[in-house]
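Please open the model in your viewer with the sequence panel beside it, and keep a selection tool ready. The stops below take you through the interior spaces, then the chain as a whole, and then a few loops.

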Amino acid sequence: MAFPRPRPARAELPRQRVQSLQCGQGAVRAARFNADGNYCLTCGSDKTLKLWNPHKGTALRTYQGHGYEVLDAAGSFDNSQICSGGADKAVALWDVTTGQVVRKYRGHAGKVNCVQFNQEATVIVSGSIDSTVRCWDCRSRRPDPIQVLDEAKDGISSVKLSAHEILTGSVDGRVRRYDLRTGQLCSDYIGSPITSVCFSKDGQCVLAASLDSTLRLLDKDTGELLGEYTGHRSTTYRLDCVLNEQDTHVGCASEDGHVYFWDLLEGSLALSLPVGQGVVQSLAFHPSLPCLLVATQGQVTLWREDTFQPEGDPG
């Protein structure tokens, strides 16, 4: 007979600052974990991209090749490649070990806000202020995108991928989901410009942050509104939203120097984390640990749960 699965331990939220990275890149536009969460990438207004071990606080490599500030980056599943997008309208594919640009993709008519690899890292998907999402083949020498998604009526602020879907958030106030298996497009109208979108870990829900200082959880298949979360301030900047590693809490950056987390089911505010002065530029949640990366101004901080003890600390 099958035993009932043990209830997962109560989710812990990151509350203590364990590392601060002084990035030396001007303003940090984005901070992103790699696929397994052991490393992270930081995108600078000084045109550079940096690779770190944020858990040890060590800088590993600097990547130079963009003509203007770097706005987003992502690592491939095997950590061998990085893709990045910038205000120079270019999408770059990098070799992690050599630090060289393998290929540059030009085709967007405006700055590239967001980039993602597909699961096999054979395609880069980029979203731009030019209202298009473009798909680039990493293995081909072709300069043209293999697909252009141009349904949005305004800039694309956020792109996320699942095994067979592309999720986009646009300044036109719509969350669009392209099902690549069926060729269908599902669109949900939020009304306020979208700053960030993400899938829940179980793939059933979509989280969207928008400029009316509201975070919304939608049923992916029906578009039904499952939850609304307020208390943070988001009226001007392109701020990130996240789900924690257990899908129990939703989080959002705020323009008041805090990161806010709400209980996903109850909608109640669970944590208001004071991280710094001014706008919280970027957020990334670790794929499997209660661990959070936060970018404010020129630094990135790493936060862990209260019970976490850094190595070397007396037990």
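Begin by selecting β16 (174-179), the strand that gives the most to the lining of the largest cavity, with three residues; strands here are DSSP runs of E of at least two residues and helices are runs of H or I of at least four residues, numbered from the N terminus. Then add β17 (184-189) and β20 (214-219), which together with β16 are the elements that give two or more residues to this lining. On a 1 Å grid over the protein atoms alone, a cavity is a set of points where a 1.4 Å probe fits but cannot get out, and a lining residue has an atom within 4 Å of a point.

To see the whole wall, display L167, V175, R176, R177, C186, D188, V206, L218, D219 and K220 as sticks, since these residues line the largest cavity. They divide into five nonpolar, no polar and five charged, where Ala, Val, Leu, Ile, Met, Phe, Trp, Tyr, Cys and Pro count as nonpolar, Asp, Glu, Lys and Arg as charged, and the others, Gly among them, as polar. The space enclosed is about 60 Å³, a volume being the space filled by probe spheres set on grid points that are joined across faces, edges and corners. One cavity of 30 Å³ or more is counted.

Before going further, note that this is a predicted model, in which local features need pLDDT of at least 70 and side-chain atom pairs count only at pLDDT 80 or more, while totals for chains, interfaces and linings use all residues. Residues are numbered from 1 along each chain as its sequence is written, and side-chain values use heavy atoms, with hydrogens and water left out.

Next, select F33, Q116, K160, L161 and F285, which are the closest to the centre of the largest pocket among the 44 residues that line it. A pocket is an open set of grid points with protein on both sides within 12 Å along at least five of seven lines, and this one holds about 1,200 Å³ of space. Colouring β2 (28-33), β6 (70-75), β10 (112-117), β14 (156-161), β18 (194-199), β22 (241-243) and β26 (280-285) will show the elements that give two or more residues to the lining of the largest pocket. Of these, which strand gives the most to the lining? It is β14, with five residues. The lining of this pocket divides into 19 nonpolar, 16 polar and nine charged residues.

Now zoom out to the full chain, whose secondary structure comes to zero helices and 28 strands. Its radius of gyration, taken over C-alpha atoms, is 19 Å, close to the 20 Å that the globule rule (2.2 Å times the number of residues to the power 0.38) gives for 315 residues, so the chain is as compact as a globular protein of that length. The C-alpha atoms fill a box of roughly 55 × 50 × 45 Å along the principal axes. Of the 315 residues, 54% count as buried, meaning under 20% relative accessible area, with exposed over 50% and partly exposed in between (1.4 Å probe, protein chains only).

The unreviewed UniProt entry annotates "repeat: WD" over residues 21-62, 63-104 and 105-137, and such annotations may be inferred rather than shown by experiment. Select residues 21-62, where the end C-alpha atoms lie 14 Å apart and the span is 57% strand, and then residues 105-137, whose end C-alpha atoms lie 10 Å apart in a span that is 58% strand.

For the loops, go to K47, between β3 (40-44) and β4 (48-53), which is partly exposed at 40% relative accessibility. Most residues other than glycine have a negative phi, yet K47 has a positive phi of about 80°. A121, in the loop between β10 and β11 (123-128), also has a positive phi, near 60°, but A121 counts as buried at 9% relative accessibility.

Return to K47 and add G67, which touches K47 and D88, not counting residues up to four places away in sequence; a contact means heavy atoms within 4.5 Å. G67 sits in the loop between β5 (58-64) and β6. Finish at V171, in the loop between β15 (165-170) and β16, where the contacts counted in the same way are D154, G155, P193 and I194.
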